[in-house]
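Got your viewer open and a selection box ready? Take a seat and we'll go stop by stop, with something to click on at each one.

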Amino acid sequence: MDGESRNATVPWDNAMLSPVDRLRSDRADSPTPGLVEGTEPGAVQRSAIFYHAQSYEDLTAEAENEAQRAPEPDRPQGHNEDEIDALVGEKSVERRLNNDPSSESSTKEEDVSSEAWRSHKKHVFVLSEAGKPIYTRYGTEEALSSTMGVMMALVSFVEAEKNIIRSIHADGCKVVFLTKSPLVLVGVSKTGQSDKELLRELQYIYYQIVSLLTLTQLNHIFQHKQNYDLRRLLAGSEYLTDNLLRRLERDPGLLLSAVTCLPLASSARDVVSSSLQAAKAKNLVFSILLAGDRLVTLVRKKDQFLHHIDLHLVFNLVGSSSSFREGEGWTPICLPKFNTAGFFHAHISYLEPASELCLILVSTDREDFFNMSECKQRFMERLSKRSAYQAMKEALKCPSYSVEQVGIPELRHFLYKSKSSGLYTSPEFPEVYQSDEEQERLMGLYQDLHSCLHHPTRPLRYFYRCSETENLLARLTSGFELYLCFSPLATKALAVSAVDKLLKWIRKEEDRFFILSPLTY
Amino acid sequence: MASGAQEKQYTPSLLSFFIYNPTFGPREGEEEKKILFYHPSEVEKNEKIRNVGLCEAIVQFTRTFCPTKPAKSLHTQKNRQFFFEPEEHFWIVMVVRNPMIEKPNKDGKPPAIEYQEEEILDTVYGAVVRQCYSMYKLFNGTFGRAMEAGGVELLIQKLEKFFYRYLQTLHLQSCDLLDVFGGISFFPLDKMTYLKIQSFVNRVEESLSLIKYTAFLYNDQLIWSGLEQDDMRILYKYLTTSLFPRHSEPELAGRDSPLRPEVTGNLLHYGRFLTGPTNLKDPEAKFRFPKIFVSAEEGYEELHLIVYKAMSAAACFMISATVELTREFCEQLDSLVGPQLTLLASDICEQFTINRRISGPEKEPQFKFIYFNHMNLAEKSTIHMRKTASVCLTSVHPDLMKILGDINCDFARFDEDEEIIVKAMTDYWVVGKKSDQRELYVILNQKNANLILVNEEVKRLCATQFNNIFFLD
């Protein structure tokens with residue numbers, strides 16, 4: 001198990017990675033700038049949890065690749081004509097997902113010719129290739145059908161010239177197009193984000209929709225009936241997309257292509273992991289334990305990797321709906337980065353009624369509900385006997401930490417991502433960024449830095465920006481990504497020394513912030 | 001194709017350039033009337049109409065979301081289109097093909113083409129389109145003026161005449177940050193020499209009272225101008241990228257022979273007209289000068305542009321177009337200005353050499369920089385070699401120039417003072433500073449430097465080159 005290779009994990013240009021199964025004693029104690037992937041603070045000891053070919057989304061030509069590389073999970077159902085008809089007929093997503101009643105937001109009813117509608121910072125539209133509306137973030141699809149018709153006309157017009165439309169730019173506003181046959185996604189943004197960032201967000205929305213239907217089914221539907229109204233199938237699931245869009249604005253994990261963990265002593269985490277490992281079943285592929293938006297642990301079937309996008313979709317599904325609190329949930333879910341063709345079946349339940357701890361057991365068999373339920377029982381039985389359970393519940397009381405603990409003056413906030421593990425850590429927002437508006441502004445600054453560092457043709461190693469409101473420093477090495485936010489009073493000398501100091505601190509705390517020894521069944 | 005065939009790289013190039021007014025053919029079937037100019041002209045009519053239609057649709061669609069800010073560019077896989085509405089309802093569109101790499105394909109298949117979509121900077125080419133209009137306006141006045149004078153027919157005629165030639169001088173592959181600034185390079189001068197030039201200008205304007213405005217340049221750099229800044233900016237562009245380079249060769253030849261064959265009387269001087277008559281002695285000589293339009297109290301005024309040069313010194317005299325210029329006037333100007341300008345030119349040259357000697361021998365510095373001041377349009381670049389008519393050579397890698405462009409875009413987004421320091425993958429450091437309308441960009445080639453060293457290096461540069469300018473630290 002230790003020696004298994006992380007196939008297809010070819011981050012950046014560094015093909016000669018240090019062995020992943022190095023012992024803890026091998027790991028450099030002082031984090032030097034020469035850290036390569038696998039030795040940075042937070043690097044995994046054995047093998048990666050996630051399937052991440054690159055830390056930045058490859059936006060082109062991935063659909064072709066993934067068909068080849070994704071192992072086929074057992075597909076309990078064939079995709080034949082009858083099934084589609086059945087789906088179209090009655091088995092809509094609404095029933096399966098039993099959505100949150102609060103999702104019926106008032107934003108839907110606003111007047112699409114009003115100034116208020118126009119002045120939203122980010123619009124997202126999804127339409128079919130026939131120009132039929134599928135989703136709009138604001139307003140109703142009906143009222144926007146002519147606007148979406150124009151969007152489709154622009155896409156087809158440029159396509160007719162054997163070309164592809166990408167974006168339209170005006171001062172302070174841009175429109176970005178993403179064609180993912182059979183869907184077209186359009187984002188209209190006044191946020192100043194780069195095209196690449198906006199495309200990445202549209203990509204998430206695309207995967208969100210695929211996760212509800214599978215790409216095979218989507219293709220099948222539109223081949224069958226070109227101007228099919230997909231809203232019939234997606235009715236009641238819009239809140240998932242709404243919620244995902246809010247996450248994209250707030251959650252650094254979606255920006256960094258990483259997830260963050262609940263800070264927990266490694267001894268306790270290891271016990272939780274091994275309890276999950278023990279509660280295995282034939283068709284169980286992934287066992288995921290979440291605490292709110294934080295990962296506690298993830299145990300996977302050997303050779304099967306979970307892509308961070310898929311994990312974020314699971315986070316979004318769980319976080320968007322309160323119905324899973326009512327008991328054990330059983331829902332089909334397609335993990336599009338794993339396989340766009342088939343459904344997995346997820347057993348979702350909270351460990352205790354009022355707890356934040358949510359267990360997700362992903363199986364390949366649609367008839368596996370009782371098996372999964374039993375896995376959970378076994379896990380609970382094992383865990384409740386151990387002190388680790390109590391430790392975990394204690395840890396839930398302070399799921400974050402303050403930046404003061406690092407002890408660097410003028411440092412307000414930071415994001416640190418370990419590339420080999422695909423995990424990141426970040427303190428809670430400090431006083432100055434308490435309001436939603438300020439938090440989103442800070443996220444916007446991080447997004448800018450991220451875009452500059454990951455520029456598709458002119459990537460940067462180092463970015464320092466000094467402005468009237470804050471000083472920012474971003475660094476990219478083969479092992480980690482680091483974003484620091486200082487008060488405007490911080491000097492360059494301080495910023496330079498802060499990097500080393502922070503890396504040392506993270507190294508010291510890595511046991512708590514990262515999952516260093518992920519397990520497989 | 002042989003399997004060992006090389007990849008071929010193509011730089012960005014002009015695909016098409018057109019001007020239309022959607023109000024000219026509002027009815028169906030009349031779309032062609034909207035099109036006032038279309039390059040390349042041999043494009044089939046329906047395709048022209050379709051391409052104009054797409055632009056109209058993009059502009060209209062963008063209004064759905066921001067009614068007040070018009071669309072400026074459209075990005076596609078193969079090209080970028082830039083839109084500019086200089087006068088109400090008149091749209092100029094420039095379509096630039098993305099740079100691409102042609103990869104030879106084995107088995108006799110056609111080569112694979114890969115478009116490099118991230119190479120073109122919107123700010124740079126947007127500025128190029130605006131420059132196209134400014135240049136048209138300098139020599140023709142506004143579109144509206146042509147419409148008033150002779151309707152659509154005259155406008156179409158003028159556009160054809162101007163852009164047919166002008167577009168050939170566009171060199172899209174070498175456009176960069178300097179096009180965004182559109183600045184003016186000023187000649188550094190001591191007070192004494194500066195006063196000499198000013199008194200020369202005053203004397204000439206007094207003796208030849210027809211002269212309305214004067215501009216004085218040395219070595220392609222501006223010393224004195226009586227025009228409005230924006231007019232001077234575009235005139236400067238014309239002089240330094242078009243007129244001067246065209247005349248540089250004969251001048252070099254002239255320097256070798258101390259006496260011009262056509263020297264008159266006992267006045268020995270190197271003065272000659274760059275616009276108007278090439279030889280005053282020629283009885284056939286025509287006394288026609290190019291006309292330019294500059295801003296004035298009531299809109300604009302039309303002027304004759306006389307450019308007169310002696311050695312490296314050039315004086316531009318502008319005279320109201322209502323006056324007819326005669327042989328007598330030109331002879332008078334030649335005899336008055338020629339000897340004085342020759343003298344001034346050698347004075348400046350001497351002063352310049354002395355100053356250079358004082359500042360010490362030039363050693364290859366560790367850094368290169370671009371400076372621009374939005375207030376007086378002053379620009380200075382040690383990155384660019386001398387500009388010629390056809391190419392603008394830079395001494396750094398194009399990717400670094402694009403990083404400068406990226407930083408400039410970033411500065412443009414926020415109004416406040418800022419500093420950005422980045423390290424590229426090639427280990428070059430790039431520093432951008434924006435402070436009180438001034439922008440400074442420095443490229444340092446110090447692989448092992450860190451942020452602190454880079455900061456000190458730039459401080460040193462500011463102290464030596466811009467000792468009296470305050471930059472945010």
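Here is a walk through a predicted model, starting with one chain, crossing to its partner and ending at a link between far-apart pieces of sequence.

**Stop 1: colour chain A by domain**

Start by giving three colours to chain A: domain 1 is 112–249, domain 2 is 259–396 and domain 3 is 403–513. Put a centroid on the C-alpha atoms of domain 1 and another on those of domain 2 of chain A, and you should get 31 Å between them. Where they meet, 16 residues of domain 1 touch 19 residues of domain 2 in chain A.

Now show a surface on these two domains of chain A. About 1500 Å² is buried between them, and carbon and sulfur atoms account for 60% of that. On the domain 1 side, select Tyr204(A), Tyr207(A) and Arg247(A): these lose the most area to domain 2 of chain A, together 38% of what their side buries.

Keep Arg247(A) on screen and add Asp293(A). Their side chains form a salt bridge, 3.3 Å from N to O, and the count between domain 1 and domain 2 of chain A is one such bridge. Ten residue pairs are also in polar contact across this interface between the two domains of chain A.

Which elements of domain 1 of chain A give two or more residues to the side that touches domain 2? Select α6 (195–213), α7 (215–224) and α9 (238–250) of chain A. The largest share, seven residues, comes from α6(A). Sort that side of domain 1 of chain A by class and you get nine nonpolar, six polar and one charged.

**Stop 2: do the same in chain B**

Over in chain B, colour domain 1 (8–175), domain 2 (191–250 plus 268–359) and domain 3 (367–466). Note that domain 2 of chain B is given as two stretches, so pick both. The C-alpha centres of domains 1 and 2 of chain B are 35 Å apart, and nine residues from domain 1 contact nine from domain 2.

The buried area between domain 1 and domain 2 of chain B is about 930 Å², with 73% from carbon and sulfur atoms. Show Leu138(B), Phe139(B) and Arg145(B) as sticks: on the domain 1 side they lose the most area to domain 2 of chain B, together making up 61% of what that side buries.

Then add Glu302(B), which makes a salt bridge with Arg145(B), the closest N and O atoms being 3.7 Å apart. For the backdrop, show helix α2 (residues 122–140) of chain B, which gives seven residues, the largest share of the domain 1 side that touches domain 2 of chain B.

**Stop 3: look inside a sheet of chain B**

Select strand β2 (residues 13–20) of chain B. Seven bridges join β2(B) to strand β6 (residues 90–97) of chain B, and the two run antiparallel; look for Leu14(B) opposite Val96(B). β2(B) also pairs antiparallel with strand β3 (residues 35–39) of chain B, through four bridges, and there Tyr20(B) faces Ile35(B).

**Stop 4: cross over to chain A**

Bring both chains back. How many residues of chain B are in contact with chain A? There are 50, meeting 50 residues of chain A. About 4500 Å² is buried between the chains, 60% of it from carbon and sulfur atoms. Select Phe61(B), Phe65(B) and Met425(B), which supply 17% of the area chain B buries here, more than any other three residues.

For a polar view, pick Asp171(A) and Lys72(B): their side chains meet in a salt bridge at 3.0 Å, N to O. The interface of the two chains holds nine salt bridges and 30 residue pairs in polar contact. On the chain B side, α1(B) gives the largest share, nine residues. By class, that side has 21 nonpolar, nine polar and 20 charged residues.

Before moving on, display strand β3 (residues 165–170) of chain A next to β4(B). These two pair antiparallel over five bridges, with His169(A) opposite Ser73(B).

**Stop 5: a long-range tie**

The whole structure has 46 salt bridges over all chains. For a last one, zoom to Lys121(A) and Glu440(A), whose side chains meet at 3.8 Å, N to O. Lys121(A) is in the loop between α4 (115–118) and β1 (122–128) of chain A, and Glu440(A) is in helix α15 (residues 436–453) of chain A, so the pair ties together parts 319 residues apart in sequence.

Terms used
Residues are numbered from 1 along each chain as its sequence is written. Chains are lettered from A and ligands numbered from 1 in the order in which they are written. This is a predicted model: local features need pLDDT of at least 70, side-chain atom pairs count only at pLDDT 80 or more; totals for chains, interfaces and linings use all residues. Side-chain values use heavy atoms; hydrogens and water are left out. Contact means heavy atoms within 4.5 Å. Buried area is the accessible area (1.4 Å probe) that two parts lose on being put together, summed over both. A salt bridge is a side-chain nitrogen of Lys or Arg within 4 Å of a carboxyl oxygen of Asp or Glu. A polar contact is a pair of N or O atoms within 3.5 Å; within protein, one must be able to donate a hydrogen and the other to accept it, and residues adjacent in sequence count only if both atoms are side-chain atoms. Ala, Val, Leu, Ile, Met, Phe, Trp, Tyr, Cys and Pro count as nonpolar, Asp, Glu, Lys and Arg as charged, and the others, Gly among them, as polar. Two strands pair if DSSP finds at least two bridges between them.
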